[in-house]
Amino acid sequence: MNKISNKMKWSFALGGFAKDAMFAMSTIMLFYFNVYLGVPSAFLGVMMLFVRVWDGINDPMMGTVVEQTKTRWGKFRPWIFIGTITNAIVLVIMFSNPGFITDTTVKLIFVTVLYTLWGMTYTLMDIPFWSMIPTLSEDQKEREGITIATRLMTSIGYFVIAGGFFTLAKMLGGASDIESDIPNMLKGSFILAIIVAVVFIICEIITVLNVKEQVKVIDEKKSLKDMLGLLKDNDQLLIVMIVVLVINFTLYVTSGMAIYYITYRIGNPDLYLPFIAAGGVAQVIGTVLYGPLKSKFTRKQIYNISIITQLVSFVLLFINAFFLSSNVALLFVFAVPIFIGQGVFMVLQTVLLSDTVEYGELKTGKRSEAVAFSVQTFVVKLAMGLSLAVIGIGLDVIGFIEPIKESELVSTTFDQAESTLQGMNYIMFILPILGLIIGQYIFNKKHILNEEKYEEVMIALKEKRGDVSGENTI
C-alpha cells in the first residue's frame, strides 16, 4: 500500500491554500463590480446566476477531458498547471480596470466575459486538483490524512482573502475609505489581485512538482455519454452529490444573507468582518477536529455530529433573532458551532467522494476520479447559483429596499420595514434548518458505503483486478 510522504502531503495542502485564496477573490466580485465599477446589482445577480449554472454544466465536461488525458506527467498535473496560469491571468485582467470600460455597454460585456472566463479557467485546475486524491493512495487513513491537511490550508487561504480583502486593498492602495475612495480602492484591489495571482502560481507549481499519481489504472477512453452513464450507475456518488448539494445550498443561503442580516437587522455593517474572521477560525478548528473524531466515531456518526451541531445552533440563532432582539454577543456564540460543523463536513465530503471512486470501479469496471470530483465542483457551484436566486427573489418578496447612491458616495439606509427584517430572519435561519434536516435524512437512509463496506469493495476489487502481488498498477 502506497504511503503519502509529508513532503507530498504538505505540497498538496499548499496548493489547496492558494487555490482557495484565489476562489475567495470571487466572493468579493459582486461588491467590486457593483460599487467600484458601477455595474447595476440587478444585472450582476442575473449574470452571476447564469454563469454559475453554466459552470455546473461545464464541470462534467471538463471531467471528461481530464479522464481522457494521457501524458508522461499523468492526467491531472498538466491541467492543474494550465488552469493555474490562465486563471491567474484572467484575475489580473479582471481587476485591472482598463480605461475602455467607461462605456456602459462595454462595461457589462467586459464584466460578463471576464467573470465567465474566470469560472471556466478555475475549473481547469480545480477538478484535476481534487481528482488526484484517490490516485495518491487506496488506504482510507492515508486519504483522510491528506484531506485534513488540505482542507485546513484551504480554509486558511479562503478566509485570509475573503475576510481581509478590503483591509488589504485599502492598505495597498492608500485609500482613505473603503466605500468613498474608489480610485485608490481600485488601485489596491489591482495590486492585491497581482499578489494573489503570483502566490497562486508559485504554490501550484510546488504542488505539480512534488505530488504524483501513485495509483494508476489503465482504462479505455470514455465519451461524455459514458461519463454521465457512470454517474447514473454509481448510486453512492449520486447520494453524496445530493447531500453535498443540499447542505451547501442551505449554507450559501446563510452566508449570502449574513451581510444583509448584520447590516440591517443588527444595524452595524462593521461587524461583518469580525463575524467572517470568527467563522474562518472556527472552520479551521472544525477541519482539525475531524482527525480526533475519526479515531472515536464512524463516518456516519461524524456526519450526524456535524449536522446536529449545526441544527442546534441554527435553532438557537432563530430564538436569538425572534425573542432576544438579535443580541450581538449571542450571534457570535451561537454561530461559531455552525462554522465548526462546516469545517468537519468539508473534510468529510471530500473523503466520501474519494471512496465512491473504487465503489464505482467495482460496479462498472471503470475508474473515474475526475468525474467523481467534477461532481463536487458541479454541486458547489450549482448550490451557490441557486442560493443567489433564492436570496434575490426572497429579498424582493419581503420588500427589501436597496441601498441608494448619492453622487459618488454610497449611502446605506437602515429604515427597512419590520416585516422585511422578520423576513430576513426566516431566510437566514429557517431555510438552513429545513435543508440540514433533509440532508441528514437522505444520508442516513441511502448512504451505505461505510468503513466496512469500503473494505469489502477493496477486497472484491483487488480480486477482480487480479492484484495478488500488492501492486497498484493494472
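## A loop, a helix pair and an aromatic core

Serine 326 sits in the loop that joins helices H12 and H13. This is a predicted model, and that loop is a pleasant place to start looking around it. Serine 325 belongs to the loop as well, which runs between helix H12 (299–323) and helix H13 (328–364). What is the sign of phi at serine 325? Phi there is positive, near 55°, in a residue other than glycine. Serine 326 also has a positive phi, near 55°, and is likewise not a glycine.

Which of the two neighbours is buried and which is exposed? Serine 325 has a relative accessibility of 62%, so it counts as exposed. Serine 326 has a relative accessible area of 4%, so it counts as buried, because the buried class covers anything under 20%.

**The chain as a whole**

Stepping back, the chain's secondary structure comes to 16 helices and 2 strands. Of its 474 residues, 55% are buried. Taking contacts between residues at least 6 apart in sequence, 84% join residues at least 24 apart.

**H12 and H13 on either side of the loop**

Each helix flanking the loop offers an isoleucine to look at. Isoleucine 319 is part of H12, and its relative accessible area of 35% makes it partly exposed. Its C-alpha atom is separated by 9.7 Å from that of phenylalanine 429, a residue 110 places away along the chain.

On the other side, isoleucine 338 lies in H13 and is buried, at 5% relative accessibility. Which residues does isoleucine 338 touch, leaving aside those up to four places away in sequence? They are Gln310, Ser313, Phe314 and Leu317. Between the C-alpha atoms of isoleucine 338 and leucine 311 there are 8.1 Å, although 27 residues separate them along the chain.

The accessibility values for the residues picked out in this report are set side by side here.

| Residue | Relative accessible area | Class |
|---|---|---|
| Lysine 19 | 2% | buried |
| Isoleucine 319 | 35% | partly exposed |
| Serine 325 | 62% | exposed |
| Serine 326 | 4% | buried |
| Isoleucine 338 | 5% | buried |

**H1 against H8**

Now to the N-terminal part of the chain. Helix H1 (residues 6–27) and helix H8 (residues 182–210) have axes that come within 8 Å and cross at roughly 155°. Angles over 145 degrees count as roughly antiparallel, and H1 and H8 are therefore roughly antiparallel to each other. The crossing of H1 past H8 is left-handed.

From H1, the contact draws on Lys7, Met8, Ser11, Phe12, Leu14, Gly15, Phe17, Ala18, Lys19, Ala21, Met22 and Met25. H8 answers with Ala193, Val196, Ala197, Val199, Phe200, Cys203, Glu204, Ile206, Thr207 and Asn210. By class, the residues of this contact divide into 15 nonpolar, 4 polar and 3 charged. As a general point, an α-helix has 3.6 residues a turn, so residues three or four places apart point the same way.

Lysine 19 deserves a closer look. Is this residue of H1 buried or exposed? Lysine 19 is buried, with a relative accessible area of 2%. Setting aside residues up to four places away in sequence, lysine 19 touches Tyr122, Met125, Asp126, Phe129, Trp130, Phe200 and Glu204.

**Aromatic pairs and a cluster**

How many aromatic pairs does a search of the whole structure find? The total is 19. One of them joins phenylalanine 23 and tyrosine 122, whose ring centres are 5.7 Å apart with planes at 40°, so this pair is tilted. The pair links distant parts of the chain, with phenylalanine 23 in H1 and tyrosine 122 in helix H5 (residues 104–131), 99 residues apart. Both phenylalanine 23 and tyrosine 122 are buried.

Another pair is made by phenylalanine 129 and tryptophan 130, with 5.3 Å from centre to centre and 85° between the planes, an edge-to-face arrangement. Both phenylalanine 129 and tryptophan 130 are buried, and both are among the residues that lysine 19 touches.

Finally, Tyr32, Phe33, Tyr36, Phe95, Tyr115 and Phe165 form one aromatic cluster. Helix H2 (residues 29–36) has buried residues at Met29, Tyr32, Phe33, Val35 and Tyr36. After H2 comes glycine 38, with a positive phi near 75°.

Technical notes
Residues are numbered from 1 along each chain as its sequence is written. This is a predicted model: local features need pLDDT of at least 70, side-chain atom pairs count only at pLDDT 80 or more; totals for chains, interfaces and linings use all residues. Side-chain values use heavy atoms; hydrogens and water are left out. Axes are lines fitted to C-alpha atoms, for helices over the stretch in contact, and angles run from 0 to 180 degrees between N-to-C directions. Helices (H or I, at least four residues) and strands (E, at least two) are DSSP runs, numbered from the N terminus. Angles under 35 degrees count as roughly parallel, over 145 as roughly antiparallel, 65 to 115 as roughly perpendicular and the rest as oblique. A crossing is left-handed if the near helix is turned anticlockwise from the far one by less than a right angle, and right-handed if clockwise. Contact means heavy atoms within 4.5 Å. Ala, Val, Leu, Ile, Met, Phe, Trp, Tyr, Cys and Pro count as nonpolar, Asp, Glu, Lys and Arg as charged, and the others, Gly among them, as polar. Buried means under 20% relative accessible area, exposed over 50%, partly exposed in between (1.4 Å probe, protein chains only). Rings of Phe, Tyr and Trp (its six-membered ring) pair if their centres lie within 6.5 Å; planes under 30 degrees apart count as stacked, over 60 as edge-to-face and the rest as tilted.
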